[in-house]
Amino acid sequence: MKLRHLLILGLSSLVMVGCVPEVSKNQANESPIAVNASVPMSSTQAKPLGKSAQSPNSTVMKSGTFVSGEQKTQGKASITTKDGKSFLELDESFKTSESGPDLVVILHRSDNVINLTKPPSYPLKNGDYFIIAPLQKYSGAQTYSIPQNINLADYKSIAIWCRKFNATFGAASLS
């Protein structure tokens with residue numbers, strides 16, 4: 001099991017490293033509103049771990065159900081802990097639109113991200129969120145590691161956000 005996770009992490013890292021020059025080039029041409037200046041693109045960003053494998057010895061700390069924003073988004077999100085580490089898990093029923101470029105999974109400080117913003121794009125403000133990682137896939141179970149330096153008490157929602165156009169596809173309030 002550990003070898004499988006290491007392999008998935010290694011492959012994910014290769015994919016992300018291959019995308020870095022393109023993301024950096026795109027961000028250089030973006031307006032400041034589309035870039036999260038409060039969170040540097042560095043090693044503090046969490047790494048995706050692949051398909052959700054919630055084991056019997058992991059504990060669900062918070063969970064919520066996605067509400068659609070800019071695009072139809074459904075499913076459940078959970079914050080779990082295992083062996084002292086925190087993870088964000090999207091369940092098998094998770095699904096969002098494939099129409100957005102540069103989709104990322106974020107933690108947000110508000111418990112009602114969609115009502116906090118305004119249609120049609122549901123834009124987010126700098127400093128209100130932390131980028132966990134690029135979205136692995138548009139549907140199905142997936143797991144993301146949350147950096148240990150993140151105080152989860154500061155964040156009340158999970159959201160799928162199109163960084164390029166500052167559009168929130170959907171959000172799940174955690175309780």
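The following exercises, each with a worked solution, concern a predicted model of one protein chain.

**Exercise 1. Overall composition**

Determine how many helices and strands the chain has, and in which order the elements run.

*Solution.* Step 1: The chain contains two helices and 11 strands. Step 2: Read from the N terminus, the order is α-β-β-β-β-β-β-β-α-β-β-β-β. Step 3: The chain has 175 residues, and 41% of them count as buried. Step 4: Consider the contacts with a separation of 6 or more; 70% of these are made by residues 24 or more positions apart.

**Exercise 2. The largest nonpolar core**

Identify which residues of the largest nonpolar core touch the most other members, and which elements give two or more residues to the core.

*Solution.* Step 1: The core has 25 residues, and Leu-88, Leu-107 and Ile-158 touch the most other members. Step 2: Two or more residues come from each of strand 4, strand 5, strand 7, strand 8, strand 9, strand 10 and strand 11. Step 3: Another core, of 11 residues, lies apart from this one; Val-104, Ile-114, Ala-159 and Ala-171 are among its members. Step 4: Beyond its neighbours within four places in sequence, Ile-158 is in contact with residues including Leu-88, Leu-107 and Ala-171. Step 5: As a general background, nonpolar side chains in soluble globular proteins tend to be buried together.

**Exercise 3. Ile-160**

Explain why Ile-160 counts as buried, and state which residues it touches.

*Solution.* Step 1: Ile-160 is located in strand 10. Step 2: Buried means under 20% relative accessible area. Ile-160 has 0% relative accessibility and therefore counts as buried. Step 3: Leaving out residues up to four places away in sequence, Ile-160 touches, among others, Phe-66, Phe-94, Leu-135 and Phe-169. Step 4: Ile-160 and Gln-71 are 89 residues apart in sequence, while their C-alpha atoms are 9.8 Å apart in space.

**Exercise 4. Strand 5 and its partner**

Establish in which sense strand 5 and strand 9 pair, parallel or antiparallel, and describe the surroundings of Glu-89.

*Solution.* Step 1: The two strands, 5 and 9, pair in the antiparallel sense over five bridges. Step 2: One bridge links Ser-86 to Ile-146 of strand 9. Step 3: Strand 9 is largely enclosed by the rest of the structure, because four of its five residues are buried. Step 4: Glu-89 belongs to strand 5. Step 5: Glu-89 is buried yet forms no salt bridge, and Lys-82, the nearest side chain of opposite charge, is 8.3 Å away. A salt bridge would require a distance within 4 Å. Step 6: The side chain of Glu-89 does make a polar contact of 3.3 Å with the side chain of Thr-80.

Definitions and conventions:
Residues are numbered from 1 along each chain as its sequence is written. This is a predicted model: local features need pLDDT of at least 70, side-chain atom pairs count only at pLDDT 80 or more; totals for chains, interfaces and linings use all residues. Side-chain values use heavy atoms; hydrogens and water are left out. A nonpolar core is a set of buried Ala, Val, Leu, Ile, Met, Phe, Trp, Tyr and Cys residues joined through side-chain atoms within 4.5 Å. Buried means under 20% relative accessible area, exposed over 50%, partly exposed in between (1.4 Å probe, protein chains only). Contact means heavy atoms within 4.5 Å. Lys and Arg count as positive and Asp and Glu as negative; His and the chain ends are not counted. A polar contact is a pair of N or O atoms within 3.5 Å; within protein, one must be able to donate a hydrogen and the other to accept it, and residues adjacent in sequence count only if both atoms are side-chain atoms. Two strands pair if DSSP finds at least two bridges between them.
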